[in-house]
Amino acid sequence: MKLSFHGHIEINLCAIEKYTNPGDTVLDPFMGSGTTGAEAMIQGRKTIGIELEFPHITEKTFKHFDPSQTDWKLYSGDAEELLDSVGN
């Protein structure tokens, strides 16, 4: 899948490949445009993201993924306040 992102794909890809395995969950408490989550899903990881100001931008990125092929959750709000609900 080829998508256009505004983030640092190379950095995200290296970290995801080095520190996680396929099927693991990647948490991004500052989701922004969704670059980390998108790269995680491309690499076969699940994604949990939190975005305070612009969750609609993240949702635009994630709409390119087939829901039956990926596993992601997006929470909108302050990461510190939402941290307890992410694991539920």
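This is a guided tour of the structure above, moving from the whole chain to a few residues worth selecting.

The model is a predicted one, in which local features need pLDDT of at least 70 and side-chain atom pairs count only at pLDDT 80 or more, while totals for chains, interfaces and linings use all residues. Residues are numbered from 1 along each chain as its sequence is written, and side-chain values use heavy atoms, with hydrogens and water left out.

**The whole chain**

Begin with the protein chain in a cartoon view, where four helices and three strands can be found; helices (H or I, at least four residues) and strands (E, at least two) are DSSP runs, numbered from the N terminus. Followed along the sequence, these elements give the pattern α-β-α-β-α-β-α. Of the 88 residues in the chain, 36% are buried, a term that stands for under 20% relative accessible area, against over 50% for exposed and partly exposed in between, with a 1.4 Å probe and protein chains only.

**Strands β1 and β2**

Next, select residues 25-28, which form strand β1, and compare its two faces: Val 26 and Asp 28 lie on the covered face, whereas Thr 25 and Leu 27 lie on the uncovered one. Add β2 to the selection, since β1 and β2 pair in the parallel sense over four bridges, where pairing requires that DSSP finds at least two bridges between two strands. One place to look is Asp 28, whose bridge partner in β2 is Gly 49.

**Glu 51**

Stay in strand β2 (residues 46-51) and select Glu 51. This residue is buried yet has no salt bridge, and the nearest side chain of opposite charge, Lys 60, is 13 Å away; a salt bridge would need a side-chain nitrogen of Lys or Arg within 4 Å of a carboxyl oxygen of Asp or Glu. Show the backbone nitrogens as well: the side chain of Glu 51 reaches that of Gly 32 at 2.6 Å, and a polar atom of the same side chain lies 3.2 Å from the backbone nitrogen of Phe 54. Leaving aside residues up to four places away in sequence, Glu 51 touches several others, among them Phe 30, Thr 58, Leu 74 and Tyr 75, a contact being heavy atoms within 4.5 Å.

**Phe 65**

Finally, move to the loop between α3 (55-62) and β3 (72-76), and select Phe 65 there. Phe 65 counts as buried because its relative accessibility is 6%. Add Met 41 to the view: Phe 65 and Met 41 are 24 residues apart in sequence, and 8.4 Å separates them in space, C-alpha to C-alpha.

Conventions
Lys, Arg positive; Asp, Glu negative; His and termini not counted. Polar contact = N/O pair within 3.5 Å; in protein donor to acceptor, adjacent residues only side chain to side chain.
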